[in-house]
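Thank you all for coming; please have the sequence and the structure open while I talk. I will go through the domains, then the ligand site, then one pair of helices.

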Amino acid sequence: MIGRLRREFYSGVDHAVRRLVQGLHVDRDVATGHVAAGILGRVAADGPLEDAAFLIKAATEAVGQLSARCIRVRWDEAYAATGQPRFDTFVHCVETGLPALPSDVAEDTLRVANGIIGSPDVDFTGIPAGRSFAMASSFGLKARLLYGAAAVLGPRRCLEIGTAWGMSGLVLLHALKRGGRAGTLDTIEMDAQRHAAAARMLGERFGDRVTCHLGLTENLLPGVAERMGGIDFAFHDGGHGRKHYVGDFAIIAALMPAGGVVVFDDIRWQSRRSVEPSDCYEGWLEVARHPRVRCAVEIARRIGVVALG
Ligand SMILES: C[S@@+](CC[C@H](N)C(=O)[O-])C[C@H]1O[C@@H](n2cnc3c(N)ncnc32)[C@H](O)[C@@H]1O
């Protein structure tokens, strides 16, 4: 297991950064900057960078050293230390250094981002689609965590709630494909404009490995989950609130074998439009108390991960 983790970690771009650090005796941040600039240069060769500041940050976060603090909300020591792969190895990876995105994956995410980011179309949130894309999509910690989870845990049947423009789906599918695994992704989005963009972008790259569903999770999840026949890994990034967390998790848990993992984004989400306190975190704690949950971890106080027995 450790050998496989090490291979994943040293594969791709982190290896390039290490070579630069060792060979040229340069500072690690400088080396990261060189690699990020190389990736962005290839994207820029296709056309102008729509928002250079955003893309530079995204490129650096994709390939630089990145780790995050983990709080163990619930921890079954024996469970975490057994199984293949071990859940404690995954958490250790998050705390000590998440695998960098390989340079071709980082380049692909930035190319897709550059295509959307300058879009002046107003989306259903009432702001330009390019801006809402940049705010809602998976970059930095979220992207690295999803890539690392799929690379390390190697799930076969993945579910996502909240496709948006497909950025989280993109990194998950890259990790599955790169590992040579037969993994698939079913992903649900309620907005037709975002769904259409994601379905086109992901379909072109991954063919029938991906199925993009249009509609509300409340209506679609039971049927989608049943058709999947089981769920090994799920990323919950749709409705943020107790009702969504607890209700969706109950459906997922019923179809998840022991060893399955569910990731919740924005566990402390609070609407900027409402002064009413959100019940999102309450929902996360309720999920963590579910009888099937053996380990529940908060990553950077933002992302919740549960592992099921
Ligand atoms: C934060 S964005 C997802 C970002 C995406 N997972 C990524 O990381 O690139 C949340 C998405 O969930 C969708 N959504 C919210 N509630 C939903 C629901 N009940 N059913 C389906 N989609 C929902 C929103 O339209 C939005 O596009």
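What distance separates the centres of domain 1 and domain 2? Taken over C-alpha atoms, the two centres are 22 Å apart, with domain 1 assigned to 1-63 + 100-136 and domain 2 to 65-99 + 140-309, bounds that come from an automatic or database domain assignment. This is a predicted model, in which local features need pLDDT of at least 70 and side-chain atom pairs count only at pLDDT 80 or more, while totals for chains, interfaces and linings use all residues. Residues are numbered from 1 along each chain as its sequence is written.

Domain 1 puts 20 residues into the contact and domain 2 puts in 24, where contact asks that C-beta atoms, placed from the backbone, lie within 7 Å.

Turning to the ligand, 19 residues surround it, and the closest are Ser 138, Gly 162, Ala 164, Met 167 and Ser 168; here a residue counts if its C-beta atom, placed from the backbone, lies within 6 Å. Two or more residues of this shell come from each of helix H10 (167-178), strand E3 (184-189) and helix H12 (217-228), helices being DSSP runs of H or I with at least four residues and strands runs of E with at least two, numbered from the N terminus.

H10 also packs in a pair: Gly 169, Leu 170, Leu 173 and Lys 177 in H10 meet Ala 198, Leu 202 and Phe 206 in H11.

Technical notes
Two residues are in contact if their C-beta atoms, placed from the backbone, lie within 7 Å.
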